[in-house]
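Visitor: I would like to learn how to read backbone angles and burial in a model of this kind. Could you take me through it slowly?

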Amino acid sequence: MSRPTATRMASTNLGSSAARRPLEGKVAIAHLPLSSPDLTSTTGIGAAICDNLAAKGCSLLMNYTSPSSTQKTADLATHLQDTHSVTAIPVQADMGSESGPAHLVSVAKNHFSHPKTGAFTLSIIINNAGVAQNRSISEIDSAEFARQYNVNVRGPLLLMQAAEPYLPHDRSGRVVNLSSVSSSLGFPRQSIYGGTKAALEAMTRTWSRELSERATVNAVNPGPVATDMYGGNDAAFQEQMSWWMRNTPLARVREGIDREEFVRDAEKNGGRPGYEGEIAGIVGMLVGEESAWCTGSVICANGGFKMST
């Protein structure tokens, strides 16, 4: 009998891989952030990421902050469990506090440890917690500075500290940090927010070296995304963004495909924002086995709003 060719072997391997869910048996921690200062939502990027991971077989510990999100997050957990046959645990914790991140890892360990051996592996961490408030230089005070840096920078760091003992030892772990184009484009009134995201990107590069035998560590940098927060932006913000949107290759609206309101407002806004699922899809690629040779990078997830150099 002839030996299988490389092409036939590759085809066989792809077939067996496609027959299973690629994240089956893995556990992820992900955050469902506030969609705006006054409105808590589980229809944003965090929820889309959770759905993407759950569809691939990953069980989830889903963090939320506000008590008003309790029922919404519970409903999302039920939906993911019923739809994808995974375990989804909602947990309330403040990522801006010193104890909140460690609490998430403790709850994950309690729920997902092996019932007989007690073994626990945390395969995926999505650092999606984030708060923002635009202020000019003269408007910034120490309280707002501390609030944003505590959630956007210290929170992910404390979560990694708590999670490090439970990361895999075979480089199969995946950490994805949600940054922003604001880290490098210098938008007015974003001294604090842009700075926090730049810090997160710097930590991404450091962690990729420190954790190189445990996990890959990458970041993605969305631009405007069609969440409740985007819908609540004022006219001045939309005008500021319109030039950038007009120069974003994938932001040109498509009638009959894009949402009606984005088609209607395209002339004023310069184009459409990204959709949550488009960001989640890129995160989903980065947590897969196929991304094993990618680490320490900021992956553009913004339709060309900001291009890599």
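Guide: What follows is a short conversation about a predicted model, taking backbone angles and then burial.

Visitor: What sign of phi should I expect as a rule?

Guide: Most residues other than glycine have a negative phi. With that in mind, turn to S85, which is not a glycine and yet has a positive phi of about 55°.

Visitor: Where does S85 sit, and is S85 buried or exposed?

Guide: S85 is placed in the loop that runs between α3 (70–84) and β3 (88–92), and with a relative accessible area of 61% S85 counts as exposed, because the exposed class begins over 50%.

Visitor: Which value does phi take at R189?

Guide: At R189, again a residue other than glycine, phi is positive and near 70°. R189 belongs to the loop between α6 (182–185) and α7 (191–210), and its relative accessible area of 42% makes R189 partly exposed.

Visitor: How should I read a residue within a strand, and what does A88 in particular show about burial?

Guide: One can start from the accessible area and then look at the surroundings. A88, found in strand β3, has a relative accessible area of 3% and is therefore buried, since buried means under 20%.

Visitor: Which residues is A88 in contact with, leaving aside its neighbours within four places in sequence?

Guide: With those neighbours set aside, A88 is in contact with L60, M62, A77, L80 and Q81. As a further distance to check, the C-alpha atoms of A88 and T73 are separated by 9.9 Å, while the two residues are 15 residues apart along the chain.

Methods
Residues are numbered from 1 along each chain as its sequence is written. This is a predicted model: local features need pLDDT of at least 70, side-chain atom pairs count only at pLDDT 80 or more; totals for chains, interfaces and linings use all residues. Side-chain values use heavy atoms; hydrogens and water are left out. Helices (H or I, at least four residues) and strands (E, at least two) are DSSP runs, numbered from the N terminus. Buried means under 20% relative accessible area, exposed over 50%, partly exposed in between (1.4 Å probe, protein chains only). Contact means heavy atoms within 4.5 Å.
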